Every structure is written in C-alpha cells, then in structure tokens.
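This report describes the fold and the contacts of one protein chain. Please keep the sequence and the structure in view while reading.

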Amino acid sequence: MKAQIQANYEERLSRYAALLHGNEPPGLVAKLAVYQQLLRQRDIHGDRLWQIEPILYPLILSAETDLHLAVGRLLENPRRAEGSLFAFLEFCVKNRTNITWKSGTPPEAVFERQIGELESQRATIDAIMGRRDKFFAHLDKRYLREPARIYTDYPLAEHDVIALVNSVIKVVTDQEWKLRDGASFHVGEFYAIGVENMVRNLETGRRANFPGQLG
C-alpha cells in the first residue's frame, strides 16, 4: 500500500509540474511570464505602448484571461475536480505517513502551511472563479447585457493575481525539491525576454515604417 501511495503521489506531482512548466501547450509559468512582461512594458511605455502597436492592448487582456483560466482550473473546488491542487493537498495530508521525501516523512505543518497560503488568497480565487463561471467559460444573462460589469462585480488587482499564481507554482516546486532535491527547469525568463524583444522590434518597425508617429 505504501509503495502504491508513493507512486500515486509522485505521478500526480509530476503532472502538476508539467502543467506549470510545459511548452505544448504553454504552462502556467510561461503564461505568467508573458503577462508580467506585458504589464512591465505597459508600465515602461504608458499609453505610448498602444501607439507602438494598438493590438497590444487586447493582447494584454487576452493574456490576463488566459492566466485566470489556467490558474482557476488548478484551484477548483476539490469536490468538483479531482485534478484540483486542493484535492492533491488533501491527498497529501491524508496519506502523509505513506509518502517519503528525501528527508523522510513530510511534516504535517508543510502541507497545512501550503493550504493556508492558498486559502489566505480566497478572495482572489473567488473573483477568478466568478469571472470564469459567469462570463469567460459560461455566459450569465446579466453579462450578456452588460459585459463590462464582470470587471466591477468581480474586481481583481493584477498584483493579487500574480501573487496567487506564484503561490501555486511554489506549492508544486517546493514539493519537487523536497521529493528529489531538484525541480523542473524554469522557462519563464525566456518568455519574458521574448515579449521584451517583440515590443522592441515593434517599436523599431513603427519608427521605420511610419516616421513621426511615435514622436
């Protein structure tokens, strides 16, 4: 039984790691890196970013929605989704004495701390789920009439979403390290550099093809 639980634990953890670090489709780490770098470029350039390339505005909103959906599916109510990270952490608590890390049996406090870290951001989780269930994945008639109302009914601060995504990444990464003294390769920096280069190339192209537009 212990060996079966250990194998189940390691398999589930590896699947979460794949959802974080995958490239096809892009994982949560890549999505976060793209979103954060787009926000950084907006902060650097201000409204001038839309002059560099107007399509960057809806692109940021699309990246934001994509990030919300990606983290939301990992934080689903465990009674509704076996793949929820909360369901995985419940499994870890229940089977803790049959799980072995490099250091031995995981301390109960580690899992409790990880659950507590996620639950401390419950307001952000609920707002993400509200947007998803009422508009982005399913269309409530209220938002059919007033689509923009979804943003005021379920307000979300960018920094709160980023903090939540980083907490999810940390839960999986920390357990990878404790299991095998190593973690999946972090590709986020490459995506961030790609976005930075894209904006730089767009600015160069705008200056070359439309002299005077950017001042």
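With which residue does Arg40 form a salt bridge? The partner is Glu196, and the closest N and O atoms of this pair are 3.8 Å apart. The model discussed here is predicted.

## Overall architecture

The protein contains 11 helices and zero strands. Its pattern along the sequence is accordingly written α-α-α-α-α-α-α-α-α-α-α. The C-alpha trace spans about 70 × 40 × 25 Å along its principal axes.

Of the 215 residues in the protein, 42% are buried. Contacts between residues at least 6 apart in sequence may also be examined by their separation: 71% of them join residues at least 24 apart.

## The Arg40 and Glu196 pair

The salt bridge of Arg40 with Glu196 links distant parts of the chain. Arg40 belongs to helix 2 (residues 28-45), Glu196 belongs to helix 11 (residues 188-209), and the two are 156 residues apart. Arg40 is partly exposed, because its relative accessible area of 40% lies between the limits of 20% and 50%. Glu196 is likewise partly exposed, at 28% relative accessibility.

## Where helix 2 meets helix 11

The axes of helix 2 and helix 11 come within 8 Å and cross at roughly 40°. This crossing is right-handed. On the side of helix 2, the residues in contact include Val29, Ala33, Val34, Gln37 and Arg40. On the side of helix 11, they include Tyr191, Ala192, Val195, Glu196 and Val199. Sorted by class, the contact of helix 2 with helix 11 has 10 nonpolar, four polar and three charged residues.

Is Gln37 buried or exposed? Gln37, which is found in helix 2, is buried, because its relative accessibility of 8% is under the 20% limit. When residues up to four places away in sequence are not counted, Gln37 touches Ala192, Val195 and Glu196. Glu196 is thus named twice in this account: Gln37 touches it, and Arg40 forms a salt bridge with it.

## Other salt bridges

Side chains of opposite charge can pair when their charged atoms come close. The structure holds 20 salt bridges. One of them joins Glu11 and Arg15, with the closest N and O atoms 2.4 Å apart. Glu11 and Arg15 are separated by about one helical turn, because they are four residues apart in helix 1 (residues 2-21). Glu11 is partly exposed, with a relative accessible area of 37%, whereas Arg15 counts as exposed at 53%.

Asp140 forms a salt bridge with Lys134, the closest N and O atoms being 3.7 Å apart. Both residues of this pair are partly exposed: the relative accessibility is 24% for Asp140 and 30% for Lys134. Elsewhere, Glu76, Arg80, Arg132 and Asp133 are joined into one network by salt bridges that share partners.

## The nonpolar core

In soluble globular proteins, nonpolar side chains tend to be buried together. How many residues are in the largest nonpolar core? There are 51, and those that touch the most other members are Tyr9, Leu28, Leu75, Leu85, Leu118 and Val168. Helix 10 (residues 158-180) gives the most to this core, with nine residues.

Val168 shows how such contacts are arranged around one residue. Leaving aside neighbours within four places in sequence, Val168 is in contact with Leu20, Leu28, Val71, Leu74, Leu75, Leu85 and Leu118.

## Tyr16 and the end of helix 1

Tyr16 lies in helix 1 and is buried, with a relative accessible area of 7%. Which residues does Tyr16 touch, not counting those up to four places away in sequence? They are Leu74, Glu82, Gly83, Ser84, Leu85, Phe88 and Val172. Tyr16 and Leu85 are 69 residues apart in sequence, and their C-alpha atoms are 8.2 Å apart in space. Leu74 and Leu85 are also among the contacts of Val168.

The loop between helix 1 and helix 2 is the place of Pro25. A cis peptide bond joins Glu24 and Pro25, with omega about -5°.

Definitions and conventions: Residues are numbered from 1 along each chain as its sequence is written. This is a predicted model: local features need pLDDT of at least 70, side-chain atom pairs count only at pLDDT 80 or more; totals for chains, interfaces and linings use all residues. Side-chain values use heavy atoms; hydrogens and water are left out. A salt bridge is a side-chain nitrogen of Lys or Arg within 4 Å of a carboxyl oxygen of Asp or Glu. Buried means under 20% relative accessible area, exposed over 50%, partly exposed in between (1.4 Å probe, protein chains only). Contact means heavy atoms within 4.5 Å. Axes are lines fitted to C-alpha atoms, for helices over the stretch in contact, and angles run from 0 to 180 degrees between N-to-C directions. A crossing is left-handed if the near helix is turned anticlockwise from the far one by less than a right angle, and right-handed if clockwise. Ala, Val, Leu, Ile, Met, Phe, Trp, Tyr, Cys and Pro count as nonpolar, Asp, Glu, Lys and Arg as charged, and the others, Gly among them, as polar. A nonpolar core is a set of buried Ala, Val, Leu, Ile, Met, Phe, Trp, Tyr and Cys residues joined through side-chain atoms within 4.5 Å.
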